[in-house]
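The following report takes up strand pairing and then one helix, and is best read beside the displayed model.

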Amino acid sequence: MLRVGEKQELTVLKKVDFGVYLGEADEKVLLPKKEVPADAAVGDRITVFLYRDSKDRLIATRREPMLTVGKFAVLKVKEVAKIGAFLDWGLEKDLLLPFHEQTAKVRPGEECLAALYVDKSGRLCATMRVYPYLHRNSPYGINDEVNGRVYELSGNFGTFVAVDDRYSALIPRREGVTGLKVGDRIHARVTGVKEDGKLDLSIREKAYLQMDEDAEMVMGVIEEYAGVLPFDDRVDPEIIRREFGLSKNAFKRAVGRLMKQGRAEIRDHRIYKLK
């Protein structure tokens, strides 16, 4: 059976002026003349990759694609057209990344992490929604430092990251992280390893190391409010995330640090700068 998007070893069935036909049983596919080995003969076995050409015809190639169906890779954007973006994946015909499979708009020259799938019409397409394809057997444990690429943002869950461009990870929403965008490269710390192998990450230092930096940032915001923050540390977590980019716990620790230093106090459901 001929399988689009996969590498297969097929038999040379027939030689013609413009190439050779490869296949099994009643199925056959053309390997263009320019890619046929000089000594190829009927009955030989040749390993090829199957995809569709610019006229949507099934075609074979001996060139090595950067990914096959169900796999993922970092690809460069060649151009953006009316139907989506086109990615360089090592073959003559560029790979379509439809708009509805983009987790953020891409531009020519940028790189994106993408997986290969076959759409309902049998065409090969790319998707930036790589969550189902990423590996969950990373070698990392709690407190290990890792590098990753942001590939999707979720208001419900947080920031999805591909560690080493291959392992499934998440910066949970409770971290209160703001300002990251799809495509950003990050350095993070592993804060948890789920039973299924997915990683939880934080781009913040451990609490006791981060506290002073957070306290200074909170004080800066209080000063922007003319020295009186119009709410205390019991405010809704969403307001804290919007104003400070912190989780509620991190905000409470920062305020506590300022109070311990004698630089702030809470009264009348407000936070006041003291010095």
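Strand S6 (residues 72-81) pairs with strand S9 (residues 111-118) in the antiparallel sense over five bridges, and within this pairing Lys 76 stands opposite Glu 111. Here strands (E, at least two residues) and helices (H or I, at least four residues) are DSSP runs, numbered from the N terminus, and two strands count as paired if DSSP finds at least two bridges between them. The model is a predicted one, in which local features need pLDDT of at least 70 and side-chain atom pairs count only at pLDDT 80 or more, whereas totals for chains, interfaces and linings use all residues. Residues are numbered from 1 along each chain as its sequence is written, and side-chain values use heavy atoms, with hydrogens and water left out.

S6 also pairs with strand S7 (residues 84-88), and these two form a hairpin with two residues between them.

| Strand pair | Sense | Bridges | Opposed residues |
|---|---|---|---|
| S6 and S9 | antiparallel | five | Lys 76 and Glu 111 |
| S6 and S7 | antiparallel | five | Val 77 and Leu 87 |
| S13 and S15 | parallel | two | Leu 170 and Asp 200 |

Strands S13 (residues 167-172) and S15 (residues 199-202) belong to a closed barrel of five strands, which runs S11-S12-S13-S15-S14 with mixed pairing.

In helix H2 (residues 237-244), the buried residues (under 20% relative accessible area, 1.4 Å probe, protein chains only) are Ile 240, Arg 241 and Phe 244. Seen down the axis of H2, these buried residues fall within an arc of 100°, so they line one face of the helix. H2 is followed by Gly 245, whose phi is positive, near 70°.

Note on methods
Buried < 20%, exposed > 50% of the residue type's maximum accessible area, 1.4 Å probe, protein only. Arc of directions from axis to C-beta.
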